[in-house]
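Here are a few short exercises to help you find your way around a new structure. Try each task yourself before reading the solution.

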Amino acid sequence: MAVIAPRIDDIRAARERLGDRVRETPVWHWRGRALEAVAGAATQVFLKLELFQYGGTFKPRGALLNALALSPEALRRGVTAVSAGNHAVATAFAARQVGTSAKVVMPKTANPVRVALCRAYGAEVVLVDDTRQAFAEVKRIEAEEKRNFIHPFEGELTVLGTATVGYEWCRQVENLDAVIVPIGGGGLCAGVASAVKQMQPHCQVFGVEPEGADSMHRSFAAGSPQAIDKVATIADSLAAPHAAPYSFGLCQHFVDGLVKVSDDEIRHAMGLLFADMKLAVEPAGAAATAALCGPLRERLVGKRVGVLVCGTNIDLPTFAHQAIPFES
C-alpha cells in the first residue's frame, strides 16, 4: 500500500515539540551469563527501556502529539479513547498535559493498575464487558459528547510519535544490525521502522506478534489490513483485533520480517528480564525479548541487536502468576 512515511526532519521536529513532556528513555547494553545462555555469547543486545516512559509505556508520545494538535475549541470538548489500558493511560496523561478532560473506555478485564493510573491522571473511566462494547461505547461518546477520539495505533500523528522512539534509539546506539519491535495494531512498529530505516538503512527491523493475536501476519499474507475473529494471548497490550491502513502500509514497506511468539515464550522472557535485569514487565514488554531468545535467535547470533521493552503496567499478583522463573 502506498503511504507517505514521516521524514526524519518531521520526526526530529516532533521530538522537539514533545520536549520534556516525555522522557528520552535510556538504552542499556545487556550483558551477562543468563543472556549469553539464551541469545548466544557473541550477540550484543541493546535494550530500549521505554517502560520508563511516563505512564509506563511508549504510548504517551503519540497520544500527546494528537492532543497538542487540537484547537482551543476541540480542547474545550475534551478527548476520548478505547484501550485495554496503556493507550487509555496515555490519553489521560496527554489530556492533563494540555489542560483538557479525558473520558476513556476500557474492558472490565483491564489490569487494575491501568485503571488506577487513568484515574490518577484525572480521566473518567467507563468500564464495559468486552472489546466490541468498548468500541461501540467510544463511538457513542465521540458522537454525543463531541469529544476528540485519539486512536490507539493508527494515524500520522500517532505514528510520528512512535517514530521518536526509533529516532532516539538510533542516536543512542550506532551500527545496529537489527531491532525487534512488538506489534499490536502496528503503530509502534510502523513508527520505529520508519525512523530506523532512514537513519540506519542497513539495520533490519523485525516485528513480533503473539501467536493468538496475529493480525499483522495475516495482513502481510493478504497484502491488505486484516481483522481476526478471536484474540487469545496473555499479552493484552498486543491484542489489537485488526490492522489499519496507514500503520500497515508503513510496516509493509519498512519491516524486514515478522515472527510469532507463544504465551509460554513470553512468560519465560518475563522471568529472564526479572532475574537478570530486575525488570518486572507486562507480557507485551517481554515479547521482543521472547523473539530474540526464540524464533530470531539463530538468525541474529553475533549481531548488534536492539530489543524494545515497551511497557510495564502490570500489578504484582498478575506478574507473579504469569512470569516463569528463569533457571540458569
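**Exercise 1.** Find out how much space lies in the second largest pocket of this predicted model, and what lines that pocket.

*Solution.* Start with the volume: the second largest pocket holds about 160 Å³ of space. Next, look at its walls, where 15 residues form the lining. Nearest the pocket's centre you'll find N111, I234, D236, T318 and Q322. Now bring in the helices: α6 (112-120) and α15 (316-322) each give at least two residues to this lining. Finally, sort the lining by class, and you get five nonpolar, six polar and four charged residues.

**Exercise 2.** Work out the strand order of the open sheet of six strands, and say which strands sit at its edges.

*Solution.* Walk across the sheet and you'll read β1-β2-β10-β7-β8-β9, with mixed pairing. The ends of that walk are the edge strands, β1 (27-30) and β9 (257-261), and each of them pairs on one side only. On average, neighbouring strands here are turned by 25° against each other, direction ignored.

**Exercise 3.** In which sense do β2 and β10 pair, parallel or antiparallel?

*Solution.* Recall that strands of a sheet pair through backbone hydrogen bonds, in either sense. Then take β2 (residues 44-49) and β10 (residues 304-309): they run parallel, paired over six bridges. For one such pair, pick F46, whose bridge partner in β10 is G306.

**Exercise 4.** Which strands does helix α10 touch, and which does α12 lie across?

*Solution.* Helix α10 (residues 215-222) packs on the sheet against β8 (204-210) and β9, and its direction makes about 145° with that of β9. Helix α12 (residues 263-277) lies across β1, β2 and β9, at about 90° to β1.

Definitions and conventions. Residues numbered from 1 in each chain as written. Predicted model: local features only at pLDDT ≥ 70, side-chain atom pairs only at ≥ 80, totals over all residues. Heavy atoms only, no water. 1 Å grid on protein atoms, 1.4 Å probe; cavity = no way out; pocket = protein on both sides within 12 Å on 5 of 7 lines; lining within 4 Å. Points joined across faces, edges and corners; volume = space filled by probe spheres on them. Helix = DSSP H or I, 4+ residues; strand = E, 2+ residues; numbered from the N terminus. Nonpolar A, V, L, I, M, F, W, Y, C, P; charged D, E, K, R; others polar. Pairing = 2+ DSSP bridges. Axes fitted to C-alpha atoms, helices over the stretch in contact; angles between N-to-C directions. Contact = heavy atoms within 4.5 Å.
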